[in-house]
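Let's take a walk through a protein model together. Keep the sequence and the 3D view side by side, and pause whenever a residue is named so that you can find it.

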Amino acid sequence: MTGEHDSEGIRNTEAWIESKGARYAYAYYDGTAFPSAMGVSGIPHAVLVSPDGTVMWAGHPASIPMEAIERGLAGAITKPIFEWDDAVSKVADALRRKELGKALIEAKKLAEKGVADSDVALATVERMVEGAVKSVESALEEGNYLDAWTAAERWAKQLKGLDSADRLESVIETCKNDPEAKRVIAGQKKLRALLGKKLKKKREADSLMDKIRELAEEYDGTYVSVEASRAIEQVRSIYESLR
Amino acid sequence: MKITSLLLAPVVLAATALVGEAQVGEQLPDPGLVDFGGTPATSYADYTGRLVLIEFFAFW
């Protein structure tokens, strides 16, 4: 459906939500920019987004990896920021802009003054900072060097001058200089370059799976082979829908 | 297990399929979502800090 965010589309959606008793949050988008950016060309399609806004996984909702959910939950906050008191709105706004460093400084100031929800805000920001760093360190530990490096670079800039930044710099150094890390990163880039392309025919999927298997073999025992296995699962999940 | 789900309605359908890991590891682009329902949130940024499962859906 296109032109979906019109009065009829909204009416139909609201009726559907009501009739199904759905308890999910829902929202609308106009046009195709967002689904296109997310690689959506058919449904069902789902995207798992980490507490720091990173896409952790995308694909058929039936194949969401539990380990990604568990990893994401480890750094997630329990009280959503839209439920916070207005007194800590500056912290909430900084978080909305993903400015963790600024949010932390502001939360500490407000906590010293003891304003409403400042304890929640400070604990949340500290948890988010720790979650962001731990998420990077976990990715490094499991050999997912590419994502560890990308996230470490992003957070290190924001947390410059804070203790957490040293831990992130250590991750960056490993990813940049460790020979095994460099090799795996090269493999992850090769694999991801193969993905995200539209498949129309079964023979295209067969060819893609062959290439993925070759990479998995070349990088056997590394995170590349883990990603490769997931990619093959995804191809298999859509295989029968192809010509 | 606490996980926030966000259904997006509806989506353009196409006769192709895609292996969707190309965006993994990247920051989610601004979804430009409007008219939130089932939540007091008014923008996607209100979900900052939460683990979010976005599901694109349509009905016919």
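**A tour of two chains**

Begin with chain B, which has zero helices and four strands. Read from the N terminus on, its elements run β-β-β-β. Keep in mind as you look that this is a predicted model. Chain B has 60 residues, and 48% of them count as buried. Now take the contacts in chain B with a separation of 6 or more: 87% of these are accounted for by residues 24 or more positions apart.

One residue in this chain deserves a pause. B:Asp35 is not a glycine, and yet its phi is positive, at about 50°. You will find B:Asp35 in strand β3 of chain B, which covers residues 34-37. B:Asp35 counts as partly exposed, because it has 14 C-beta neighbours inside 10 Å.

Now turn to chain A, whose secondary structure comes to 11 helices and four strands. Of its 243 residues, 39% count as buried. Among the contacts in chain A with a separation of 6 or more, residues 24 or more positions apart account for 55%. Chain A also has a residue with a positive phi that is not a glycine: A:Lys98, at about 60°. A:Lys98 is found in the loop between α4 and α5 of chain A. With 19 other C-beta atoms within 10 Å, A:Lys98 is partly exposed.

Next, let's look at one helix in detail. How far apart are the end C-alpha atoms of helix α7 of chain A? This helix holds 14 residues, 145-158, so at 1.5 Å a residue it should span 20 Å; the end C-alpha atoms are indeed 20 Å apart, which agrees. Several residues of α7(A) are buried, including A:Tyr145, A:Leu146, A:Ala148, A:Trp149, A:Ala152 and A:Trp155. A:Asp147 is also on the list of buried residues in α7(A). What covers the buried residues of this helix? The cover includes α6 (118-141), α8 (163-177) and α9 (179-194) of chain A.

Let's follow one of those neighbours. Two packed helices are described by the angle between their axes and the distance between the axes. The axes of α7(A) and α9(A) come within 8 Å and cross at roughly 95°. That crossing makes α7(A) roughly perpendicular to α9(A). On the α7(A) side, A:Tyr145, A:Leu146 and A:Trp149 take part, and they meet A:Ala181, A:Val184, A:Ile185, A:Gln188 and A:Lys189 in α9(A). Sorted by class, this contact has six nonpolar residues, one polar and one charged.

Finally, step back to see the wider interior. In soluble globular proteins, nonpolar side chains tend to be buried together. Here the largest nonpolar core has 51 residues, and those with the most contacts inside it are A:Val91, A:Val125, A:Val136 and A:Ala148. The elements giving two or more residues to this core are α4 (89-96), α5 (100-113), α6, α7, α8, α9, α10 (202-218) and α11 (223-239) of chain A. The largest share, 11 residues, comes from α6(A). Try clicking on A:Val125: leaving aside residues up to four places away in sequence, it touches A:Val91, A:Leu100, A:Ala103, A:Leu104 and A:Ala107. There is also a second, separate core of 26 residues, which includes A:Tyr26, A:Val49 and A:Ala58 together with B:Tyr47.

Technical notes:
Residues are numbered from 1 along each chain as its sequence is written. Chains are lettered from A and ligands numbered from 1 in the order in which they are written. This is a predicted model: local features need pLDDT of at least 70, side-chain atom pairs count only at pLDDT 80 or more; totals for chains, interfaces and linings use all residues. The expected span of a helix is 1.5 Å times one less than its number of residues. A residue is buried if 20 or more other C-beta atoms lie within 10 Å of its own, exposed if 12 or fewer, and partly exposed in between; C-beta atoms are placed from the backbone. Two residues are in contact if their C-beta atoms, placed from the backbone, lie within 7 Å. Axes are lines fitted to C-alpha atoms, for helices over the stretch in contact, and angles run from 0 to 180 degrees between N-to-C directions. Angles under 35 degrees count as roughly parallel, over 145 as roughly antiparallel, 65 to 115 as roughly perpendicular and the rest as oblique. Ala, Val, Leu, Ile, Met, Phe, Trp, Tyr, Cys and Pro count as nonpolar, Asp, Glu, Lys and Arg as charged, and the others, Gly among them, as polar. A nonpolar core is a set of buried Ala, Val, Leu, Ile, Met, Phe, Trp, Tyr and Cys residues joined through C-beta atoms within 7 Å.
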